[in-house]
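Please open the model in your viewer and keep the sequence panel visible. The tour below proceeds from the whole chain to individual side chains.

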Amino acid sequence: RACPAKVLDPALVRRDVVKTTEAGSTTQVVLRPVTLVPNVFDSCHYFYCILRICALESVIATSILSLTTGNILSDQLETDLEMVMMEAELVTTCLELCEILHHELIFHPPCQALVETIRKSMRFMQSEGLLWLQSVS
């Protein structure tokens, strides 16, 4: 799976290592654009590659927020918040959101079913520890 930062041409994005002193000494890689005029035009070609990588994960995250009851964005996020959500319910909500956005974004290749592409992205998010779903048994 490609990372958006790796898709970009090094002439378009500079990778800087930044040291932070908050909560100990850590380093972080920060991407900064190289804003020369030709690079700005070239970045349009990369836009759709990067958008394709991140679009479904964004739809899944937005769907999760729309399915939660109460205000998830409150102080509860400072603790380990666990919510149980059925996979089928999340897939249905993702499909509804994709239907709304289908004129703006391309979510999947033409020969592939959208529901399978959503499930593949959900499995990726699960493998990365970003998402835990309960399947219907």
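Two residues are in contact when their heavy atoms lie within 4.5 Å. By that criterion, among contacts in the protein chain between residues at least 6 apart in sequence, 56% join residues at least 24 apart. The model is a predicted one.

**The whole chain**

Begin with a cartoon of the full protein chain, which contains four helices and two strands. Followed along the sequence, these elements give the pattern α-β-β-α-α-α. Next, display the surface: the accessible area of the protein chain is about 10,100 Å², and carbon and sulfur atoms account for 59% of it. Of the 137 residues, 23% count as buried.

**Strand 2 and a nonpolar patch**

Select residues 26-33, which form strand 2, and locate leucine 31 within this strand. Leucine 31 is partly exposed, its relative accessible area being 40%. Now add Val17 and Val29 to the selection; together with Leu31 they make a nonpolar surface patch of about 280 Å².

**Salt bridges around arginine 14**

The structure holds four salt bridges. Select Arg14, Asp16 and Arg32 and show their side chains: a network of salt bridges links these residues. Within the network, arginine 14 pairs with aspartate 16, and their closest N and O atoms are 3.2 Å apart. Arginine 14 is partly exposed, at 43% relative accessible area.

**Helix 4 and its buried face**

Move to residues 114-127, which make up helix 4. With 14 residues at 1.5 Å a residue, helix 4 should span 20 Å, and the distance of 20 Å between its end C-alpha atoms agrees with this. Which residues of helix 4 are buried? They are Leu114, Thr117, Ile118, Ser121, Met122 and Met125. Turn the view so as to look down the axis of helix 4: the buried residues fall within an arc of 140° and therefore line one face of the helix. An α-helix has 3.6 residues a turn, so residues three or four places apart point the same way. On the face of helix 4 turned away from the buried side, select Lys120 and Ser127, which are exposed.

Stay in helix 4 and centre on serine 121. Serine 121 counts as buried because its relative accessibility is 8%, and the cut-off for burial is under 20%. Which residues does serine 121 contact, leaving aside its neighbours within four places in sequence? Leu56, Glu57 and Ile60 are those contacts.

**Arginine 119 and its two partners**

Select arginine 119, which is partly exposed at 27% relative accessibility. One partner is glutamate 87, with which arginine 119 forms a salt bridge whose closest N and O atoms are 3.7 Å apart. Arginine 119 lies in helix 4 and glutamate 87 in helix 3 (residues 87-101), so the pair ties together parts that are 32 residues apart in sequence. Glutamate 87 is partly exposed, with 22% relative accessible area.

Glutamate 116 also meets arginine 119 in a salt bridge, at 3.6 Å from N to O. Both arginine 119 and glutamate 116 belong to helix 4, where they are three residues apart, about one turn of the helix. The relative accessible area of glutamate 116 is 38%, and this residue is partly exposed.

**The end of helix 4**

Finish by selecting glycine 129, just after helix 4, where the backbone takes a positive phi of about 80°.

Key
Residues numbered from 1 in each chain as written. Predicted model: local features only at pLDDT ≥ 70, side-chain atom pairs only at ≥ 80, totals over all residues. Heavy atoms only, no water. Buried < 20%, exposed > 50% of the residue type's maximum accessible area, 1.4 Å probe, protein only. Areas by Shrake-Rupley, 256 points an atom, 1.4 Å probe, with all protein chains shown as cover. Expected span 1.5 Å × (residues − 1). Arc of directions from axis to C-beta. Patch = residues over 30% accessible without salt bridge, like charges linked within 9 Å, V, L, I, M, F, W, Y side chains within 5 Å.
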